[in-house]
Amino acid sequence: MLRLAIQKSGRLSDDSLNLIRECGISFVNSSLKLKTESTNFPLEILFLRDDDIPGYVADGVADIGIVGENVLVEEGKQELVVERLGFSKCRLSLAVPKGTDYTSLQDLQGKSIATSYPNLLQAYLQEQGVEAHIHTISGSVEIAPSIGLADAICDIVSSGSTLISNGLREVERIFKSEAVLISNSNLSEEKKEILAKLMFRVHAVQRAQK
Ligand code: PRT
Ligand code: ZN
């Protein structure tokens, strides 16, 4: 039996479950249960916080998982990717208060930036030769400039409406993300065979959607 970890409730959950169902894999899903078994495929599904999924898959607690690339790369586990899934697309961007003068990244030299993605941000700033103070906060990043916590933010954007409603302007797109399927690197032969069967179905679903 192969163990799949998906997000319990959030922006990845519905599309992750839909993909499994479109693969013809049936299961009973109760919102109270954190674990379920398929009735027609050797798959067990674990429902977790998205942030915990890369670690569980790397450690082998789960065999495979579905997670946003932003979380995966932030945790330094990009080598686990098996397949890009094309949903939950978004980007990690830098934004400044809309009245702020901004012409290039150099304008953030010595400034403070609030983010939940310190590693991705640090790597980008370093590559661009800019030094800034990174304030790591776990949520509500968009309010940081208006409460005086930071000069700029670096956060996930999809439509851009959250930035606009918080008086912010997107100035740099630093990372493009989508949902990815990840796998532990030491699967048993038996589990590799189940994963190959699953991937065969995933590819058929992807072809049908084109
Ligand atoms: O509870 P748990 O830890 O599992 O969930 P979470 O709250 O950490 O994550 P969740 O469900 O918000 O997001 C899961 C994944 O969905 C992210 O890691 C991204 O890969 C992807 N994703 C896609 C997004 C968005 N779109 C998105 N818009 N994640 C977050 N947002 C947030 C963003 O942080 C910002 O606050 O939505 C706001 C911006 O949206 P727009 O449309 O106004 O630009
Ligand atoms: Zn999370």
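**Exercise 1. Which element contributes the largest share of the shell around ligand 1, and how is that shell made up?**

*Solution.* The model is a predicted one, and the shell is best read from its total down to its parts. Step one is the total: 21 residues surround ligand 1, and the closest of them are Gly10, Gly68, Cys90, Ser159 and Thr162. Step two assigns residues to elements: helix H3 (69-74), strand S9 (152-157) and helix H5 (161-165) are the elements that each give two or more residues. Among the contributors, S9 supplies the largest share, namely three residues. Step three sorts the shell around ligand 1 by character, which gives five nonpolar, eleven polar and five charged residues. Step four asks about domains, and here the shell draws at least three residues from each of domain 1 (2-88 + 178-209) and domain 2 (90-176).

**Exercise 2. Describe the overall layout of the protein and the relation between its two domains.**

*Solution.* Begin with the whole chain: the secondary structure comes to six helices and eleven strands, and the C-alpha atoms fill a box of roughly 60 × 35 × 30 Å along the principal axes. Of the 210 residues, 31% are buried. Turning to contacts between residues at least 6 apart in sequence, 64% of these join residues at least 24 apart.

Next, divide the chain: the domain assignment gives domain 1 (2-88 + 178-209) and domain 2 (90-176). The centres of the two domains, taken over C-alpha atoms, are separated by 30 Å. Where the domains meet, five residues of domain 1 are in contact with seven residues of domain 2, and the domain 1 side of this meeting divides into one nonpolar, three polar and one charged residue.

**Exercise 3. Which residues have the most contacts inside the largest nonpolar core, and what does Ala152 touch?**

*Solution.* The largest nonpolar core has 46 residues, and those with the most contacts inside it are Leu4, Ile64, Ile113, Ala152, Ile153 and Ile182. This core draws at least three residues from each of domain 1 and domain 2. To follow one member further, take Ala152 and leave aside its neighbours within four places in sequence: its contacts are then Leu94, Ala95, Val96, Leu108, Lys111, Ile113 and Pro145.

**Exercise 4. Work out how the buried residues of helices H1 and H4 are placed around their axes, and what covers them.**

*Solution.* In H1 (residues 13-22), the buried residues are Ser16, Leu19 and Ile20. These lie on the same side of H1 because they cover an arc of only 95° around the axis. Their cover includes strand S1 (2-7), strand S4 (64-68) and helix H6 (189-209). After H1 comes Gly24, which has a positive phi near 80°.

In H4 (residues 118-128), Leu120, Leu121 and Leu125 are buried. Their arc around the axis is only 125°, so they too are found on the same side of H4, whereas Gln126 and Glu127, on the other side, are exposed. The buried residues of H4 pack against H3, S6, strand S7 (112-115), S8, S9 and strand S10 (168-177). H4 is followed by Gly129, and the phi of that glycine is positive, near 70°.

**Exercise 5. Ser88 and Ser140 have positive phi values; decide for each whether the residue is buried or exposed.**

*Solution.* Ser88 is not a glycine, yet its phi is positive, about 55°, and its place is in the loop between strand S5 (81-84) and strand S6 (90-97). Since a residue is buried at 20 or more other C-beta atoms within 10 Å, Ser88, with 24 such neighbours, counts as buried.

Ser140 likewise is a residue other than glycine with a positive phi, near 50°, and it sits in the loop between strand S8 (133-136) and S9. With 12 other C-beta atoms within 10 Å, Ser140 is exposed.

**Exercise 6. Characterise the surroundings of Ser93.**

*Solution.* Ser93 lies in strand S6 and is partly exposed, because 19 other C-beta atoms are within 10 Å. Not counting residues up to four places away in sequence, Ser93 touches Cys154, Val157, Glu170, Glu172, Arg173 and Ile174. Finally, compare sequence with space: Ser93 and Ser158 are 65 residues apart in sequence, and their C-alpha atoms are 9.8 Å apart.

Technical notes:
Residues numbered from 1 in each chain as written. Chains lettered and ligands numbered in written order. Predicted model: local features only at pLDDT ≥ 70, side-chain atom pairs only at ≥ 80, totals over all residues. Core = buried A, V, L, I, M, F, W, Y, C linked by C-beta atoms within 7 Å. Domains from an automatic or database assignment. Contact = placed C-beta atoms within 7 Å. Near = placed C-beta within 6 Å. Helix = DSSP H or I, 4+ residues; strand = E, 2+ residues; numbered from the N terminus. Nonpolar A, V, L, I, M, F, W, Y, C, P; charged D, E, K, R; others polar. Arc of directions from axis to C-beta.
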